[in-house]
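Colleague: Before we discuss details, may I see the model? I should like to learn how its features are read.

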Amino acid sequence: MATLLTEAISVLGIEIGQVQTKAVLFDVVEECYHLIATGISDSTHCEPYFDIGERIFESINRLQEVTGRIFLDHDGNLILPAAGNFEG
């Protein structure tokens with residue numbers, strides 16, 4: 001029998017790769033985690049930029065566009081914990 005997930009309903013993951021930076025959203029659907037959407041941008045952790053933050057924010061912004069959810073507040077901070085109004 002499946003264990004009911006009560007602690008984390010939504011999970012936002014970030015993968016910083018050699019070529020791409022990805023933001024992935026997992027959410028509980030029928031008591032199981034499912035991949036909901038992915039936001040992808042080019043990586044900038046190497047020359048000439050050496051700045052991963054810029055592309056992390058871009059990947060999260062793309063994820064926001066795809067899902068219609070808001071993950072960042074007006075100051076660029078993650079909204080934690082997730083709220084029922086599609087924020088966080």
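Modeller: Please keep in mind that this is a predicted model. Let us begin with the helix. What covers the buried residues of H1 includes S1, strand S2 (20-29) and strand S3 (32-42).

Colleague: Which residues of H1 are buried?

Modeller: Buried means under 20% relative accessible area. In H1, that description fits Arg55, Ile56, Ser59, Ile60, Leu63 and Gln64. The helix itself spans residues 52-67 and reaches 23 Å from its first C-alpha to its last, close to the 22 Å expected at 1.5 Å a residue. Just after H1, Gly68 takes a positive phi of about 80 degrees.

Colleague: How many salt bridges does the model contain?

Modeller: Side chains of opposite charge can pair when their charged atoms come close. The count here is four salt bridges. One of them joins Arg69 to Asp27 at 3.0 Å, N to O. This pair links distant parts of the chain, with Arg69 in the segment after H1 and Asp27 in strand S2, 42 residues apart.

Colleague: Are Arg69 and Asp27 buried or exposed?

Modeller: Arg69 is buried, because its relative accessible area is 11%. Asp27 also counts as buried, at 16%.

Colleague: Which residues are linked in a network of salt bridges?

Modeller: The network consists of Glu54, Arg55, Glu58 and Arg62. Within it, Glu58 and Arg62 have their closest N and O atoms 2.7 Å apart. These two are separated by about one helical turn because they lie four residues apart in helix H1. Arg55 and Glu54 also form a salt bridge, at 3.9 Å; Arg55 is buried, whereas Glu54 is partly exposed.

Definitions and conventions:
Residues are numbered from 1 along each chain as its sequence is written. This is a predicted model: local features need pLDDT of at least 70, side-chain atom pairs count only at pLDDT 80 or more; totals for chains, interfaces and linings use all residues. Side-chain values use heavy atoms; hydrogens and water are left out. The expected span of a helix is 1.5 Å times one less than its number of residues. Buried means under 20% relative accessible area, exposed over 50%, partly exposed in between (1.4 Å probe, protein chains only). Contact means heavy atoms within 4.5 Å. A salt bridge is a side-chain nitrogen of Lys or Arg within 4 Å of a carboxyl oxygen of Asp or Glu.
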